[in-house]
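Please describe the fold, the nonpolar cores, the salt bridges and the pockets of the structure shown here. A report in running text would be welcome, with the terms explained as they come up.

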Amino acid sequence: MKIIGIVVLIVCLILVWRKRGSILVWIAGIYNVKGETGRALKLYRSADKMGGMNYKARINYGYFLLKNGYINDARIEFNKLSMEKKLKDSQKQQIKSLQALVVWKEGRLDEAIEMLEEVTKTYVTSMTYQSLGLLYILKRDKKKAMEYCLEAYEYNSDDNVIMDNLAEAYALCGDTEKAMETYEELLSRNPHFPDAYYGYGILLMQNGRRKEGIEYIGQSLNKKFSFLSALPRERVESIYLANRDTADKTEGE
């Protein structure tokens with residue numbers, strides 16, 4: 001019995017050693033959720049050096065790098081991962097969809113759109129709908145943005161980012177009423193990202209409800225901004241500060 005116990009212990013230690021990187025990535029993910037980005041990054045870096053990371057762990061690491069603005073590191077990680085043998089087709093397409101986001105953040109919007117359009121011929125997820133919908137909006141392609149964001153909403157109406165894209169698409173196409181309705185439904189869900197509050201605030205300001213609009217833009221500043229958003233915190237702060245002190249005066253006139 002004692003020998004069996006020792007064997008079991010050795011086997012367990014071997015399994016832990018083989019998955020050592022993935023275990024660290026899992027711990028890093030916990031810190032990331034808590035908002036402790038610096039500590040999460042250190043653990044991710046350690047896991048990368050240590051090795052033993054499975055596919056999911058490496059995807060999570062690469063996405064973390066991208067979401068936090070480490071574009072070059074994210075590109076390297078996704079490129080290395082794409083060269084792995086025995087990848088499933090769905091995994092190849094997932095990697096390419098993330099590489100497209102790197103390309104977008106490097107300033108090549110058209111190329112990123114082409115990549116995602118190619119990916120979504122055979123691989124579709126809520127995230128690909130989020131990404132391509134946003135890029136069509138940034139391209140200001142009204143027809144494609146509207147059609148694709150409606151398709152995305154039909155695919156997953158519970159996804160808050162997809163709904164935010166739809167509201168933006170309505171606003172882009174000049175359908176203020178639909179944009180307002182969509183934003184109001186989205187905000188009733190208390191989304192964690194700033195874009196919805198900012199977008200709704202801008203629409204309110206444009207439609208004569210300036211004080212309300214500034215209040216919503218102020219709320220957006222209390223949310224966590226992501227590098228993958230098309231909304232820089234600096235722009236929001238600038239608009240908020242430029243209008244905050246004059247909003248009350250304007251409403252009272």
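The report below takes up the overall make-up, then the cores, the salt bridges and the pockets.

**Basis and overall make-up**

The model is a predicted one, in which local features need pLDDT of at least 70 and side-chain atom pairs count only at pLDDT 80 or more, whereas totals for chains, interfaces and linings use all residues. Residues are numbered from 1 along each chain as its sequence is written, and side-chain values use heavy atoms, with hydrogens and water left out.

The protein chain holds 14 helices and zero strands, where helices (H or I, at least four residues) and strands (E, at least two) are DSSP runs numbered from the N terminus. Of its 253 residues, 41% count as buried; buried means under 20% relative accessible area, exposed means over 50%, and partly exposed lies in between, with a 1.4 Å probe and protein chains only. Among the contacts in the protein chain with a separation of 6 or more, 51% are accounted for by residues 24 or more positions apart, a contact being heavy atoms within 4.5 Å.

**Nonpolar cores**

In soluble globular proteins, nonpolar side chains tend to be buried together. A nonpolar core is here a set of buried Ala, Val, Leu, Ile, Met, Phe, Trp, Tyr and Cys residues joined through side-chain atoms within 4.5 Å. The largest such core has 63 residues, of which Tyr44, Ile59, Leu66, Phe78, Ile95, Trp104 and Leu135 touch the most other members. When neighbours within four places in sequence are left aside, Trp104 is in contact with Leu109, Ala112, Leu134, Leu135, Leu138, Leu228, Ser229 and Ala230. Another core, of eight residues, lies apart from the largest one and includes Tyr198, Met205, Leu221 and Val236.

Ile76, a residue of helix α5 (residues 71–82), counts as partly exposed, at 41% relative accessibility. The C-alpha atoms of Ile76 and Gln99, which are 23 residues apart along the chain, are separated by 9.8 Å.

**Salt bridges**

Side chains of opposite charge can pair when their charged atoms come close. With a salt bridge taken as a side-chain nitrogen of Lys or Arg within 4 Å of a carboxyl oxygen of Asp or Glu, the count comes to 13 salt bridges. The table lists three of them, including the pair formed by Glu106 and Arg108.

| Pair | N to O distance |
|---|---|
| Glu106 and Arg108 | 2.3 Å |
| Lys121 and Glu118 | 3.2 Å |
| Glu237 and Arg233 | 3.0 Å |

Glu106 is partly exposed, with a relative accessible area of 29%, and its partner Arg108 also counts as partly exposed, at 37%. In the second pair, Lys121 is exposed at 63% relative accessibility, while Glu118 is partly exposed at 39%. Glu237 and Arg233 both lie in helix α14 (residues 233–252), four residues apart, which is about one turn of the helix; Glu237 is partly exposed at 31%, and Arg233 is partly exposed at 32%. Elsewhere, Arg58, Glu77, Lys80 and Glu84 are joined into one network by salt bridges that share partners.

**Pockets**

On a 1 Å grid over the protein atoms alone, a pocket is an open set of points where a 1.4 Å probe fits, with protein on both sides within 12 Å along at least five of seven lines, and lining residues have an atom within 4 Å of a point. Grid points are joined across faces, edges and corners, and a volume is the space filled by probe spheres set on the points.

The largest pocket encloses about 990 Å³ of space. Of the 33 residues that line it, Tyr63, Lys67, Val161, Ser226 and Leu228 are the closest to its centre. Two or more lining residues come from each of α2 (20–33), α4 (55–67), α6 (89–105), α8 (126–139) and α10 (160–172), and α4 gives the most, with five residues. By class, the lining of the largest pocket divides into 17 nonpolar, eleven polar and five charged residues, where Ala, Val, Leu, Ile, Met, Phe, Trp, Tyr, Cys and Pro count as nonpolar, Asp, Glu, Lys and Arg as charged, and the others, Gly among them, as polar.

The second largest pocket holds about 470 Å³ of space. Its lining has 18 residues, and Glu168, Tyr183, Tyr198, Gly199 and Arg235 are the closest to its centre. The elements α8, α10 and α12 (195–206) each give two or more residues to this lining, with the largest share, six residues, coming from α12. The lining of the second largest pocket has eleven nonpolar, two polar and five charged residues.
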